[in-house]
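Reader: Before the assignments are accepted, I should like to hear the reasoning behind each of them. Please set every value against its criterion.

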Amino acid sequence: MADCLFCKVVAREIPARIVYEDEELLVFEDIRPQAPTHVLIIPKAHVATVNDLDPSHDSLVGTITRRAASVARERGFAEQGYRLVWNCNAGAGQTVFHIHLHLLGGRTFSWPPG
Ligand code: AMP
Ligand code: ZN
C-alpha cells in the first residue's frame with residue numbers, strides 16, 4: 001500500500017527501531033511509548049483493520065500473538081503480566097490503518113482501559 005505508514009516501515013522507507021523480523025512479521029518500538037516496553041507487532045502484508053481479517057490470516061494472527069509472548073519473556077515481564085491491544089477503527093483509537101498488536105509491559109495496568 002503506497003500511502004501506508006507501516007508498509008513504509010516494512011520497506012525501510014521510514015526509520016524504526018526494529019527488534020525482530022522474519023518473513024511474515026516485524027516488531028518495532030512504538031515512537032510514543034505508553035509503558036517501559038511498548039512495541040508493535042505487525043504483519044508485513046498490508047491488512048487495514050482487524051475487520052479485514054479472513055480465515056487465511058488465522059495462522060498469522062496466532063504467530064503475531066505468540067511473538068508478543070516471546071518478546072515479553074525476553075524482556076522479563078511475562079510472569080508479572082502485560083497488555084496486548086488491537087485497536088480497531090477510529091472509535092477505539094486506531095490511527096494507523098495497517099493492523100498492529102500493541103505489546104505494553106514493564107508496569108502494572110488498570111482495567112477497564114480508557
Ligand atoms: P493505533 O493508535 O492503535 O493505530 O496505534 C498506532 C501506534 O503507532 C501509536 O501508538 C503511535 O505512537 C505509533 N506510531 C506512529 N508512527 C510511528 C512510527 N513512525 N514508528 C513507530 N511507531 C509509530
Ligand atoms: Zn500497510
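**Reasons for the assignments**

Author: Lys44 has a relative accessibility of 24% and therefore counts as partly exposed. The model discussed here is a predicted one.

Reader: Why is Lys44 called partly exposed?

Author: Buried requires a relative accessible area under 20% and exposed one over 50%, with partly exposed in between. The 24% of Lys44 falls in the middle class, so the residue is partly exposed.

Reader: What makes the pair of Glu21 and Lys44 a salt bridge?

Author: The criterion is a side-chain nitrogen of Lys or Arg within 4 Å of a carboxyl oxygen of Asp or Glu. In Glu21 and Lys44 the closest N and O atoms are 2.8 Å apart, so the pair satisfies the criterion. Glu21 belongs to strand 1 (residues 18-21) and Lys44 to the loop between strand 3 and helix 2, so the salt bridge ties together parts that are 23 residues apart in sequence.

Reader: How many salt bridges does a search of the whole structure find, and which residues form one with an Arg side chain?

Author: The search finds 3 salt bridges. Arg12 meets Glu21 at 2.7 Å, N to O, and Glu29 meets Arg75 at 2.9 Å, N to O. Both values are within 4 Å, so both pairs qualify. Glu29, in strand 2 (residues 25-29), and Arg75, in the loop between helix 2 and strand 4, are 46 residues apart. Glu29 is buried because its relative accessible area is 17%, whereas Arg75, with 33%, is partly exposed. Through shared partners, salt bridges join Arg12, Glu21 and Lys44 into one network.

Reader: How do you know that Arg83 has no salt bridge?

Author: The nearest side chain of opposite charge, Asp30, is 14 Å away from Arg83. A salt bridge needs the atoms within 4 Å, so Arg83 and Asp30 do not form one. Arg83 is nevertheless buried and lies in strand 4 (residues 82-85). The Arg83 side chain reaches the backbone oxygen of Ser110 at 3.0 Å. Beyond its neighbours within four places in sequence, the contacts of Arg83 include His102, Phe109 and Trp111.

Reader: Why is the site of the zinc ion (ligand 2) called tetrahedral?

Author: Four donors count as tetrahedral if all angles lie between 85 and 135 degrees. The 4 donor atoms of the zinc ion (ligand 2) give angles of 105 to 115°, so the site is tetrahedral. For four tetrahedral donors the ideal angle is 109.5 degrees.

Reader: What makes Cys4, Cys7, His46 and His98 donors of the zinc ion (ligand 2)?

Author: A donor must be an N, O or S atom within 2.8 Å of this metal. Cys4 (SG), Cys7 (SG), His46 (ND1) and His98 (ND1) coordinate the zinc ion (ligand 2) at 2.0 to 2.3 Å, so they meet the cut-off. Along the chain, these donors follow the spacing C-x2-C-x38-H-x51-H. Cys7, in helix 1 (residues 5-10), and His46, in the loop between strand 3 (37-43) and helix 2 (58-74), are 39 residues apart. Cys7 is buried because its relative accessibility is 14%, and His46 is partly exposed because its relative accessibility is 26%.

Reader: Which peptide bond is cis?

Author: The cis bond joins Trp111 and Pro112, with omega about 0°. Pro112 is in the segment after strand 5 (101-105).

Methods. Residues are numbered from 1 along each chain as its sequence is written. Chains are lettered from A and ligands numbered from 1 in the order in which they are written. This is a predicted model: local features need pLDDT of at least 70, side-chain atom pairs count only at pLDDT 80 or more; totals for chains, interfaces and linings use all residues. Side-chain values use heavy atoms; hydrogens and water are left out. Helices (H or I, at least four residues) and strands (E, at least two) are DSSP runs, numbered from the N terminus. Buried means under 20% relative accessible area, exposed over 50%, partly exposed in between (1.4 Å probe, protein chains only). Lys and Arg count as positive and Asp and Glu as negative; His and the chain ends are not counted. A polar contact is a pair of N or O atoms within 3.5 Å; within protein, one must be able to donate a hydrogen and the other to accept it, and residues adjacent in sequence count only if both atoms are side-chain atoms. Contact means heavy atoms within 4.5 Å. Donors are N, O and S atoms within 2.8 Å of the metal (3.2 Å for Na, K and Ca); water is not among the atoms, so sites may look incomplete. Four donors count as tetrahedral if all angles lie between 85 and 135 degrees; four count as square planar and six as octahedral if opposite donors are over 155 degrees apart and all others between 65 and 115; anything else is irregular.
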